[in-house]
Amino acid sequence: QVQFVESGGGLVQPGGSLRLSCAASGFTVEYYAMGWFRQAPGKEREGLLCIDRNDGTTYYTDSVKGRFTISRDNAMNRVYLQINNLKPEDTAVYYCATPYGSSCQRIRDFGSWGQGTQVTVSS
């Protein structure tokens, strides 16, 4: 069974940085596109960005360009999200997921949602 476990969140001040991790089991990250999403209180889940099988990045929202970087470590079977210059509006639960394909084009295909990791940005 495919399972993703997110970690690395926490409480940080505005302008700080975090590196989130997504550990996969029952699934080989190397062969698939992987994406990061977030859900803030009272809001719908929002697609952020995705890395395809060739390590190309697709951005689903302009708000993360220049601050969010997605990467993969195939040997560790993990996907990472580096977030710099965190803002209060980044406060949310962050999730990783896969479209079960090599491309990032179809955002509605993502699934295998885990519990997420909480990111709180506050002074």
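Here is a short chat about two disulfides and two loop residues in a predicted model.

Colleague: Happy to look at this with you! What should I know about numbering and cut-offs first?

Modeller: Residues are numbered from 1 along each chain as its sequence is written, and side-chain values use heavy atoms, with hydrogens and water left out. The model is predicted, and local features need pLDDT of at least 70, side-chain atom pairs count only at pLDDT 80 or more, and totals for chains, interfaces and linings use all residues.

Colleague: How many disulfides are there, and what pattern do they follow?

Modeller: A disulfide is a covalent bond between the sulfur atoms of two cysteines. Here it is taken as a pair of cysteine sulfur atoms within 2.5 Å. By that rule the count is two, and with bonded cysteines counted along the chain, the pattern is 1-3, 2-4.

Colleague: Is the disulfide of Cys22 and Cys96 right-handed or left-handed?

Modeller: The sulfur atoms of Cys22 and Cys96 are 2.0 Å apart. Cys22 lies in strand S3 (residues 18–25) and Cys96 in strand S9, so the pair ties together parts 74 residues apart in sequence; strands are DSSP runs of E, at least two residues, numbered from the N terminus. The torsion about the S-S bond is about 65°, so this disulfide is right-handed.

Colleague: And where does Cys104, the partner of Cys50, lie?

Modeller: Cys50 and Cys104 have their sulfur atoms 2.1 Å apart. With -70° about the S-S bond, their link is left-handed. The pair joins distant parts of the chain, 54 residues apart: Cys50 is in strand S5 (residues 46–51), and Cys104 is in the loop between S9 and S10.

Colleague: Is Asp90 buried or exposed, and which side chain does the side chain of Asp90 join in a polar contact?

Modeller: Asp90 is found in the loop between strand S8 (78–83) and strand S9 (92–97). Asp90 has a relative accessible area of 0%, so it is buried (buried means under 20%, exposed over 50%, partly exposed in between, with a 1.4 Å probe and protein chains only). A polar contact is a pair of N or O atoms within 3.5 Å, where within protein one must be able to donate a hydrogen and the other to accept it, and residues adjacent in sequence count only if both atoms are side-chain atoms. At 2.9 Å, the partner is Arg38.

Colleague: How far apart in space are Pro99 and Phe110, C-alpha to C-alpha?

Modeller: Pro99 lies in the loop between S9 and strand S10 (117–121), and at 12% relative accessibility Pro99 counts as buried. Pro99 and Phe110 are eleven residues apart in sequence, and their C-alpha to C-alpha distance is 4.0 Å.

Technical notes:
Helix = DSSP H or I, 4+ residues; strand = E, 2+ residues; numbered from the N terminus.
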